[in-house]
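User: I would like to go through this protein and see how each label follows from its cut-off. Please start with a single residue and then move to the whole chain.

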Amino acid sequence: MGRKVILYIAMSLDGYIAKKDDNFDFLKIVDRPNEDFGYGEFLETIDTVIWGRRTFDIVLAMGNGILHQNKAVFVISKSRTGTEGHAVYKDNPLELINDLRKQEGKDIYCDGGSELVDFLFKHQLVNRVIVSVIPHLLGDGIRLFKNGRPEQYLSYKRSISYPSGLVQLWYDVNETS
């Protein structure tokens, strides 16, 4: 297999990526000076980023512009077309990923949100899962994994714990699930 689709995302210990109002301030609980939890190293392995539209809008609202200027950025949206900066709107993630896998390049990074993650797992498009578990019980919100997707078997690759309490879990998704 060539390019892998990698879900690299953070969630609360009880499985939420955000509150119901899309607020994910709880992620700041683990912020430490000069600690990126391997994110910089991970970014060296990818050249393409795929976001869901709501996640993209949240990132834009933070006021730092479109991240990943040196990467191809695609935003999955049923309501928008064209481009915004260097980000390209696409409405069909299955077609997009199949096209990207035919091209030479590094791996493909998916950073949410939950609708996109659900689609990717339902279509068995994810090859690796890297989840950073935040030591916090959010209680309610937007779940990372929705019900109703096919069962998929994972192979443990590694786990890394950090002094902040964040634990990062790495799994490969078995192709013959």
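User: Why is E84 called partly exposed?
Analyst: E84 has a relative accessible area of 31%. Buried means under 20%, exposed over 50%, and partly exposed in between, with a 1.4 Å probe and protein chains only as cover. E84 is therefore partly exposed.

User: What should I know about the model first?
Analyst: It is predicted: local features need pLDDT of at least 70, side-chain atom pairs count only at pLDDT 80 or more, and totals for chains, interfaces and linings use all residues. Residues are numbered from 1 along each chain as its sequence is written, and side-chain values use heavy atoms, leaving out hydrogens and water.

User: Which residues does E84 touch, not counting those up to four places away in sequence?
Analyst: They are F56, L60, I66 and Y89. Contact means heavy atoms within 4.5 Å.

User: What makes the pair of E84 and Y89 side chains a polar contact?
Analyst: The distance between them is 2.6 Å. A polar contact is a pair of N or O atoms within 3.5 Å, where one must be able to donate a hydrogen and the other to accept it; residues adjacent in sequence count only if both atoms are side-chain atoms.

User: How do you know that the protein is as compact as a globular protein of its length?
Analyst: The radius of gyration is 16 Å, close to the 16 Å from the globule rule for 177 residues, so the description holds. The radius is taken over C-alpha atoms, and the rule is 2.2 Å times the number of residues to the power 0.38.

User: How much of the protein is buried?
Analyst: Buried residues make up 42% of the 177 residues.
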